[in-house]
Amino acid sequence: MLMEQVEQKKKLISTMRNKPWRMVKKLSVLREAQAFVEKFEGALGKGKGKKFYAYKMMMAKKWVKFKRDFDNFKTQCIPWEMKIKEVESHFGSSVASYFIFLRWMYGMNLVLFGLIFGLVIIPEVLMGMPYGSMPRKTVPRAEQATAMDFSVLWDFEGYIKYSALFYGYYNNQRTIGWLKYRLPMAYFMVGISVFGYSLMVVIRSMARNANESTADGDDDNFIFSWKMFTSWDYLIGNPETADNKFASITTSFKESIVDEQESNKDENIHLRRFLRVLANVLIICCLCGSGYLIYFVVKRSQTFSKMQNVGWYERNEVEIVMSLLGMFCPPLFETIAALENYHPRIGLKWQLGRIFALFLGNLYTFLLALMDDVNEKLAEEDVVKNVTHWTLLGHHNSSTGNSSTATPPPLDPADVPRGPCWETTVGIEFVRLTVSDILVTYITILVGDFIRACFVRFVNYCWCWDLEAGFPSYAEFDISGNVLGLIFNQGMIWMGSFYAPGLVGINVLRLLTSMYFQCWAVMSSNVPHERVFKASKSNNFYMGLLLLILFLSLLPVAYTIMSLPPSFDCGPFSGKKRMYEVIQETIELDFPLFVAKIFSYVANPGLIIPAILLMVLAIYYLNAVAEAYQRANAELKKKMQMQREEEKNKRNNKASTNPMLQDLEDLLTPSTKSESHPKQAEDEKRESPNRTSPAGKGGKAAAPDGSPMTAGRRAAFTLPPHVFVTQPPALGVRAPYPGQPRPRGHPPGPVPGRGRGPPCYSRAAQ
Amino acid sequence: MGNKQTVFTPEQLDAYQDCTFFTRKEILRLFYRYRDLAPQLVPLDYTDKPDVTLPYELIGSMPELKDNPFRQRIAEVFSENGDGNMTLDDFLDMFSVLSEMAPRDLKAYYAFKIYDFNNDDYICKSDLEKTVNKLTRNELTPEEVSLVCEKVIYEADVDNDGKLSLEDFQHMIIRAPDFLSTFHIRI
């Protein structure tokens, strides 16, 4: 058929670039095909259709080019790529994964900062009432004398307390400026969208990680092959980078070799179990001890706050104790965990879990203390409200006493008695906690890594034992501690950002400086780990922790928004009974009437409860479907594995391990051509649920085993095998090679330990 | 689009666009890159299809290739005679296959050819050893190299002949998650 031939030629032309031929051959075949099409397509008639088609093609090409350009631009915008590559090539992917995580957090915080800064801080500063015009925006008379002192500023009191950094500064005017910008509404919505955006971003990242790890579901099967053929990055065009890459490939090979050897070791089960139980008991004791210590210190600080003349230590005792616990407990856990002798990847997860429990206990105890504080302040507020009311009244009376017709001069904002403003207090507490956390981290790095490295390097010349090889030697980069520190820091930011909008800005600065500081510290004072293990699969573990922290930090904020009354004289919600009333107010006043009606219908429990039930059912259903797919996947993999092993066994002339397969083979060997059809007919007949039919030689086995997914799986099975560019893989039965006994032993025994690699990159401070 | 170039005839340009993954602009840019390697050898007018071949040394000195441990093999695979000397056609072909638009199958085919050092259509143990040594710049001990090669054969050799055929290789590399992103040269 001429039409078919023309279509064929057209298809050839469009896929010419995919053909693995020499360019000369491609060009000549192309010319031929084009001549053919020209000659005969004219006969089929073109006309206007061709022009439109050409236009469509041009647009498609332009679109592809635009997408490519945009992707290029996006990759150029990603910062610190080179820094991370450098760290990666010297320390392996696990250390670099921390920095990649840090960069990701920086990106997320930057977006949050943009939201808060652009939608809340800037409008208030530009269009709201200026500093000093209202009581809430002015430093009270009593504090003005000390408001500029550094010690006061360091505690975030004084001028900082009455600035746009904290909740208390914001005015509760419904609209501000000539743009009629609804600030209280914006404040509330930004607070919610901070959590919403973070949730979305974390879950998207988790989904992407999950996707990638199922894509290489065969990961364990091809580790070395992939390392060999896909590890060199052809994009490298710079000798230094090439050096880094060579180093990193060598490290990676050594990693895998060690991994391989680890899996060959034997174990003594009972001793191991006993030691593990012992270790867990010890660690639980530690956790309880630390919990009690914090509780004790918090109770003490409550009594301190009632006393006068408290020293610096008493005021900051809680923060100091928490930081010290955070600094000393993780190494303690690690030493105890040495008893357990887990595979390092699993050991890492246990360590992370324990540190997580520790930090969680700390954080929640801290929150409890804060809640006590807040409740006290709320009680105080009632008293102050009365005082303010009577003071203002008194001021009016006294001033009108002088001239009965003139309006009374307004009371200077600094003199108005001020409520305790619990929100700002909460904000201040979080900011102080964050700042002290930052300081402790940096000092730990400086002392623990840098000073130690300097000491080991320079004092080694005049010390009795070799400091570099023995104690204390150079520090290794503590991945788990750092990642958890980052995650908990983010949790605190999420908790505090509603009450201190400036907190996210402080965090952005912190992450920025952290990146440079830690990169420098790692390159100058750390050495690569002795046992290097890839942490790439832990990425989802970190994300899972982050998600958990996000929820845990959402809870206190949601609780305070829903159930605590806002202060009467500070913040954008002052004067309301509850903070969320701002939404109702906006709906009533700013939207047309029917919107309010719609919302009132939607908020009806009769509608919400069925909606929630529906969502629960949907989750259950999707979960069931996902499980079924996973099971099907596992079955497929098993079959492929079985097929490969069977082929290998056959080659070695060994008896098949599966007698059923052997029988079937004997049956089928004479009829290789027509094997697929009779086999499939056989399979269809054998619908017994407990027999797995043999992994077919033609790759077309269907395995009815009673699972609900049989039909779907069979459909999946009957997809044709992937057609390669060259001849299709000959998966048919092959005659066994004449007499080729291949010794199929285990891979050779463990290579004598190489320990730390060559000295070129294992010593610090180059 | 502007028709101001005089290097190729429009038909030639279209043919190149059909046979590679590049756009018109990219093909011209590649031509100028090729010419910059040896301006005195490469004429500015390709309309009569001159027969110009650049020696391997010039190709291997390109910034994109000079740090690649496999540059010699790449040039050999894409050249006419397997000696590394490339015409413009070969040059375009090479970068087209190594560009990010090329599909997996195509890249896998050429990757196999590149890693087959002795050109016998099989990747045997000696090929693997050469690959590992090039990748690690001879920093692994012979035992480690041997271990790695044996593991690779164990993992990927399906038909059990002790070496990797094209099918074995493709079967293994098609699933690799990093293959597309590493087997890629941007020009």
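**Exercise 1.** Classify Trp520(A) as buried, partly exposed or exposed, and place this residue in the chain.

*Solution.* First recall the classes: buried means under 20% relative accessible area, exposed means over 50%, and partly exposed lies in between, with a 1.4 Å probe and protein chains only. Next, Trp520(A) counts as partly exposed because its relative accessibility is 38%. Finally, Trp520(A) is found in helix H16 of chain A, residues 503-525, where helices are DSSP runs (H or I) of at least four residues and strands (E) of at least two, numbered from the N terminus.

The model is predicted, so that local features need pLDDT of at least 70 and side-chain atom pairs pLDDT 80 or more, while totals for chains, interfaces and linings use all residues. Residues are numbered from 1 along each chain as its sequence is written, chains are lettered from A and ligands numbered from 1 in written order, and side-chain values use heavy atoms, leaving out hydrogens and water.

**Exercise 2.** Which annotation covers residues 103-138 and 144-179 of chain B, and what is the secondary structure of chain B?

*Solution.* First, the unreviewed UniProt entry gives "domain: EF-hand" for both spans; such annotations may be inferred rather than shown by experiment, and the positions follow the numbering used here, with feature names shortened. Next, residues 103-138 of chain B are 67% helix and 0% strand, with end C-alpha atoms 32 Å apart, whereas residues 144-179 of chain B are 61% helix and 0% strand, with end C-alpha atoms 24 Å apart. Finally, chain B has 10 helices and zero strands, and 59% of its 187 residues count as buried.
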